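I set out to keep a short notebook on one structure. Each entry records what I looked up and what I found.

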Amino acid sequence: MQGKTHRWGGLALGAGATLATVGSIDGFSAVMMTGTLMTGAALGSLIPDLDHQGSELSKKIKPLGMAVSSVCHHRGFTHTGLAWFMFTLVCAAIVTVLNLVKVDNWGTSAIIGGMFALIVVSIVKWIAKTFHINRLRRVTYGFINTLVMTGVLFVIFTLFADYMVKYLGYYFIGLSVGYLSHLLVDMLTVSGVPMLYPHSEKMYRFANLKTGEDDNWVSMILSIATVALVTLRVGLI
């Protein structure tokens with residue numbers, strides 16, 4: 001499937017994953033957790049396609065895309081359950097470290113502030129591009145505009161880093177959820193994915209959809225599911 005479809009798949013599964021926190025996280029914390037986790041899921045949903053130089057993420061991070069695609073063929077190792085498990089272990093290790101972080105100096109605060117600034121700028125740009133909001137696009141696109149926005153957000157998040165650090169873990173949980181969503185969405189296509197590699201090279205699939213031909217209506221269904229799940233999560237606060 002195309003990048004837009006995978007992103008909506010990540011958002012939908014990410015929104016569904018936030019329902020696991022019902023009863024344990026409420027109020028503003030639930031809103032922050034939902035937004036942070038879903039943002040991670042949107043990015044994570046594009047990661048497996050780093051094995052294809054023409055993919056959306058590979059074009060933005062060309063050196064990494066070239067490195068991964070030179071080692072893995074498309075829908076090869078990066079599209080396996082083993083790759084997702086290994087990626088999840090890395091995310092889990094980062095979450096563990098973040099839980100131990102104490103924001104007691106400006107250096108740590110700046111790192112956290114910078115990460116959140118980049119996350120929010122990415123969200124705003126995606127909203128402007130996806131929903132064709134011209135005014136927002138004029139504000140967010142262009143080097144100077146992006147630099148100013150990032151700088152302002154960096155200052156704000158750095159000042160409140162001690163409060164924000166607890167939400168960063170959800171971003172990395174979202175990356176893992178998004179990665180899994182990519183595999184599930186690709187299993188809707190006729191090509192399938194080698195989910196059980198290296199134990200089996202069989203390409204597993206749930207349906208016989210075609211990339212490019214069926215992306216629009218699949219994206220529409222996933223976007224509706226995302227809105228419904230977010231509404232449900234917010235309604236349970």
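The entries below cover the cysteines, one helix and one loop.

**Basis.** I worked from a predicted model, in which local features need pLDDT of at least 70 and side-chain atom pairs count only at pLDDT 80 or more, while totals for chains, interfaces and linings use all residues. Residues are numbered from 1 along each chain as its sequence is written, and side-chain values use heavy atoms, with hydrogens and water left out.

**Entry 1: cysteines.** I searched the whole structure for disulfides and found zero; a disulfide is a pair of cysteine sulfur atoms within 2.5 Å. I then asked why Cys72 has no bond to the closest cysteine sulfur. The closest cysteine sulfur, in Cys91, is 17 Å from that of Cys72, which is too far for a bond. I also looked up whether Cys72 is buried or exposed. Cys72 is buried, with a relative accessible area of 14%, and Cys91 is buried at 4%. Here buried means under 20% relative accessible area, exposed over 50%, and partly exposed in between (1.4 Å probe, protein chains only).

**Entry 2: helix H5.** I turned next to H5, which spans residues 81–100. Helices (H or I, at least four residues) and strands (E, at least two) are DSSP runs, numbered from the N terminus. H5 has 20 residues and reaches 29 Å from its first C-alpha to its last, close to the 28 Å expected at 1.5 Å a residue; the expected span is 1.5 Å times one less than the number of residues. I noted that Gly81, Ala83, Phe87, Cys91, Val95 and Leu98 are buried in H5. They lie on the same side of H5, because they cover an arc of only 145 degrees around the axis; the arc is that of the directions from the helix axis to the C-beta atoms. The buried residues of H5 pack against helix H9 (161–186), with contact meaning heavy atoms within 4.5 Å. On the other side of H5, Val97 and Leu100 are exposed.

**Entry 3: the loop between H1 and H2.** I located Thr21 in the loop between helix H1 (3–18) and helix H2 (27–44). Thr21 is buried, at 13% relative accessibility. The side chain of Thr21 makes a polar contact with the side chain of Arg233 (3.0 Å); such a contact is a pair of N or O atoms within 3.5 Å, and within protein one must be able to donate a hydrogen and the other to accept it, while residues adjacent in sequence count only if both atoms are side-chain atoms. Val22 lies in this loop too and is partly exposed, at 36% relative accessibility. I found Val22 and Leu236 to be 214 residues apart in sequence and 6.9 Å apart in space, C-alpha to C-alpha.
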